[in-house]
Amino acid sequence: MDFFKIKRDIPFMSYGRYTTTISLVTFILAVFFLATRGLNFGVDFTGGTVMEVHYAQPADLPAVRGQLATTGLHDALVQNFGSSQDVLIQVPLKQNLAGAQLSEQVLQSLRQQDGSVEVRRVEFVGPQVGKDLVENGAMALLLVSLGIVGYLWLRFEWKFGLSAIIANLHDVVIILGFFAFFQWEFSLSVLAAVLAVLGYSVNESVVVFDRIRENFRKMRKTEVTEIIDNAITRTMSRTIITHGSTQMMVLAMLLMGGETLHYFAMALTIGIMFSIYSSVLVASPLLILLGVSREDFIKPEKVEAEEVLP
Amino acid sequence: MNRYPLWKYLLILFALLAGLIYTLPNFYGESPALQVSPLRSSLKADDALSGRVTSLLSDAGLVPEVVTLDGNSVKVRFASTDHQIKAKDILAAQLGEDYMVALNLLSQSPQWLSDLNALPMYLGLDLRGGVHFLLQVNMRAALDKALDAASDDIRSTLREQRVAYSGVTREGDTLRVKFRDGEARAKGEEELRQRFNDFELSGIDQSGEILLQAILKPEAQRRIQDAALQQNLMTLRNRVNELGVAEPVIQQQGADRIVVQLPGVQDTARAKDILGRTATLEVRMVDEERQAVPGAMPPFGTEMFRERQGGYLLVKKQVILTGERINDAQPGFDNRTNEAAVHINLDGVGARKFKEATRENVGKRMAIILFEKGRGEIVTAPVIREEIGGGRVQISGQMSTVEAQDTALLLRAGALAAPMEIVEERTIGPSLGAENIERGFNSTKIGFLMIAVFMVAYYLMFGAVSVLSLGANLLLLVALLSMLQATLTLPGMAGIALTLGMAIDANVLINERIRDELRSGVTPQAAIHAGYERAFGTILDSNITTLIAGIALFMFGSGPIKGFAVVLCLGILTSMFSAIMVSRALVNLIYGRKARLAKVAIG
């Protein structure tokens with residue numbers, strides 16, 4: 001079986017103007033939604049209490065809300081979670097209440113109403129912890145970006161490092177844009193997924209760059225754009241198959257991993273889709289824009305000839 | 001050209017065999033068990049204890065499956081939860097309060113695997129259920145306490161040395177001593193310099209006042225904070241023991257936080273109660289005219305308490321001192337006899353009261369009682385040899401160094417060094433934990449199957465080789481996680497699935513390269529060779545970038561995210577090995593021996 005019997009190289013670089021426009025538009029849209037709607041940060045980052053409780057029979061949400069209101073928790077968010085018997089309760093941070101005691105209060109109050117209630121999960125995060133997590137997350141993002149640029153610079157050339165990281169940060173912004181647009185919860189595990197995507201989708205650029213470098217050495221008389229077109233065309237099959245395989249795993253997680261893994265898998269899915277696109281149609285045009293040339297890899301032979309031996 | 005030397009095959013075989021052995025324990029499941037650990041550092045879990053446990057159980061007609069000695073505890077495995085609960089009641093009643101008996105789960109894997117140190121993966125709280133607390137230690141309070149104690153000490157020192165001063169005040173981290181004249185200040189400075197090494201002393205004159213300024217040195221500040229944290233850690237360990245939790249985790253995190261993880265604990269209200277409890281300490285006189293009779297009503301004006309060493313004492317109700325008056329308690333040695341001793345440092349008020357009490361009661365015993373949960377226990381009951389002034393007290397005699405450490409800790413634990421606050425809590429119910437395991441396992445299984453079917457259909461024989469090496473990757477990854485006993489969390493399971501999905505990339509790269517070479521008219525053998533050689537550089541590059549992301553996640557991630565990062569990093573290493581070495585070995589075995597190969601099944 002072979003899905004990609006391509007006879008001639010596809011002139012990707014000649015579409016450069018359109019693809020750049022497309023990515024610019026999606027990028028600007030993502031930034032727009034991030035700016036206007038913002039991310040729906042989960043309790044990990046904002047601080048507060050989340051409780052997941054399970055009832056023996058379908059839960060009566062208005063009654064739960066009413067019961068919580070009697071405890072003074074008017075702003076508690078009560079919703080079904082997964083099934084009609086499972087209820088998710090979110091309470092924002094309170095100044096006057098000791099955070100860790102809150103979950104006990106809520107549980108006691110719910111028990112009075114219905115003895116069958118069972119705690120499945122409690123998460124309480126204090127304000128300082130949330131702040132630390134945000135700082136650490138930003139640090140990790142910065143460190144990963146620098147590390148990748150540094151490594152690609154060492155292995156290839158600074159132009160490659162720079163275009164790869166721009167292409168992939170573009171993916172990250174788009175993932176965040178999706179989360180902002182749909183107001184999906186942005187939790188710690190989503191952050192982990194975003195960083196994993198950053199490491200993973202750079203692979204994509206690396207594979208294409210590897211071919212470009214090889215082509216520069218092999219195809220001595222060819223134009224830069226043709227060299228890049230050839231590299232992309234010849235790696236396309238691998239790109240699609242690899243991402244398809246990874247996506248199969250992620251899809252299994254998305255559908256069967258339960259609520260905890262759902263958004264994790266969602267971030268990965270968006271990341272995988274856009275990394276195919278960006279490594280081919282963002283990173284490579286950027287390379288041309290930065291003026292990559294054969295001389296970046298092959299030192300002119302003249303130097304050797306002029307050498308004077310003592 | 002496509003042949004491996006024998007040692008490479010042997011290496012791969014050895015790696016796979018080791019992988020198999022260390023993966024095996026994960027399939028055996030777990031049985032109910034009990035963990036018996038001594039609560040006192042002077043007691044050891046040894047063969048004698050395990051013998052005692054076995055005989056106690058056989059007396060009750062219970063036959064445990066296995067009794068093992070593990071670290072400082074004896075673990076007993078049972079066939080059913082019924083036996084486990086029954087045995088717990090028996091052991092808790094018979095062994096008394098010196099031992100903790102906790103419910104636990106033990107792997108059912110056979111003894112020879114346990115002897116090889118092959119254990120199942122260590123499951124995180126989100127998979128096995130339990131509570132995770134992050135406690136923030138209030139360092140400001142620890143410093144305040146130390147500074148208040150120091151200003152008390154300065155007062156009493158100046159008084160003892162008969163230096164005229166008119167007051168000690170505290171502003172932030174600075175203490176100011178007011179003197180009447182410069183001469184007194186010079187004398188005071190000299191006296192204080194000898195005793196208070198932790199402070200930077202300097203004389204200043206401010207609006208006509210003659211002052212001596214004492215500023216806490218930064219290194220002393222750090223030491224006080226560190227000591228406060230260590231003390232709180234010790235206190236928490238003691239308290240958690242009381243909860244009867246098997247394998248609790250109590251660790252420092254950062255400069256001022258403590259992580260407490262209690263696997264299997266469901267009663268979070270009680271856990272919070274015990275962690276946040278403040279113990280109090282009281283010093284009272286022992287009533288030596290009457291004998292303590294356990295079970296009987298204590299005589300009027302006295303109370304009966306149990307001694308830590310066993311036995312009971314009658315103690316008068318009148319309190320001489322409370323724990324708040326104790327500034328510090330340290331284990332050490334008696335200067336004269338070189339016996340193990342505990343040195344106690346009392347504050348000004350405490351020192352005065354102690355002096356009065358010891359003057360009136362020479363030759364009698366005093367009891368130091370620790371109250372927790374409204375129940376008192378006598379830590380120690382030494383005899384008063386002479387009047388003790390100055391607030392420096394030494395308790396010695398009949399003590400081992402370990403006991404001295406224990407006692408000093410208990411005296412300090414009278415109160416936490418600094419108050420703590422729970423800043424993060426994560427509780428996972430046991431049913432959710434089990435569900436999480438199932439979900440993680442199922443999604444990995446389905447994903448793996450989908451990839452397997454696709455790869456075989458698309459690359460035929462080479463697809464099958466890729467799937468086999470992916471299987472080897474999974475085996476090695478699980479074995480490595482079991483071997484390192486790294487904590488497996490739900491994001492960690494997601495990490496396993498994700499690394500498998502990503503690991504196939506290396507095989508796709510290789511297979512595509514081989515196809516590419518074949519298309520350009522190279523012979524099959526040469527194509528296989530070139531395919532593996534050329535793909536290697538690319539595989540290395542792409543894996544290293546992912547590794548960079550994994551390492552950053554490990555450095556900055558917390559809890560479950562760290563688990564994900566560990567799996568990601570290990571998965572990259574195992575996938576490099578299996579995708580390159582294992583798959584090459586298989587291809588070599590299949591095609592390498594044929595000298596004239598006309599066609600390979602790569603689709």
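Which strand of chain B does β5 of chain A pair with, and in what sense? In this predicted model, the partner is β21(B): residues 118-125 of chain A run antiparallel to it, with 5 bridges holding the pairing together on paper. One of the matched pairs puts Val125(A) across from Glu424(B).

That strand pairing sits within a broader contact between the chains, to which chain A gives 58 residues and chain B 61. On the chain B side, β6 (130-137), α9 (268-276), β21 (420-428), α12 (430-484), α13 (490-519), α14 (524-556) and α15 (560-592) each put in at least two residues. The biggest contributor there is α12(B), with 15 residues. Sorted by class, the side of chain B that touches chain A comes out at 32 nonpolar, 19 polar and 10 charged residues.

Now for the nonpolar cores. The largest has 208 residues, and the members touching the most others are Val194(A), Leu195(A), Val197(A), Ala267(A) and Leu553(B). Here too α12(B) supplies the largest share, 19 residues. Take Leu553(B): setting aside neighbours within four places in sequence, its contacts are Ala140(A), Ala192(A) and Leu195(A) from chain A, plus Ile561(B), Phe564(B), Ala565(B) and Leu568(B) from chain B. A separate core of 36 residues includes Ile326(B), Ile369(B), Ile395(B) and Leu409(B).

Chain B also has a hairpin to look at. Strands β9 (residues 199-206) and β10 (residues 209-216) of chain B run antiparallel and are joined by 8 bridges, with Leu201(B) opposite Ala214(B). Between the two strands there are 2 residues, and Ser207(B) takes a positive phi near 40° in this hairpin.

Methods. Residues are numbered from 1 along each chain as its sequence is written. Chains are lettered from A and ligands numbered from 1 in the order in which they are written. This is a predicted model: local features need pLDDT of at least 70, side-chain atom pairs count only at pLDDT 80 or more; totals for chains, interfaces and linings use all residues. Two residues are in contact if their C-beta atoms, placed from the backbone, lie within 7 Å. Helices (H or I, at least four residues) and strands (E, at least two) are DSSP runs, numbered from the N terminus. Ala, Val, Leu, Ile, Met, Phe, Trp, Tyr, Cys and Pro count as nonpolar, Asp, Glu, Lys and Arg as charged, and the others, Gly among them, as polar. Two strands pair if DSSP finds at least two bridges between them. A nonpolar core is a set of buried Ala, Val, Leu, Ile, Met, Phe, Trp, Tyr and Cys residues joined through C-beta atoms within 7 Å. A residue is buried if 20 or more other C-beta atoms lie within 10 Å of its own, exposed if 12 or fewer, and partly exposed in between; C-beta atoms are placed from the backbone.
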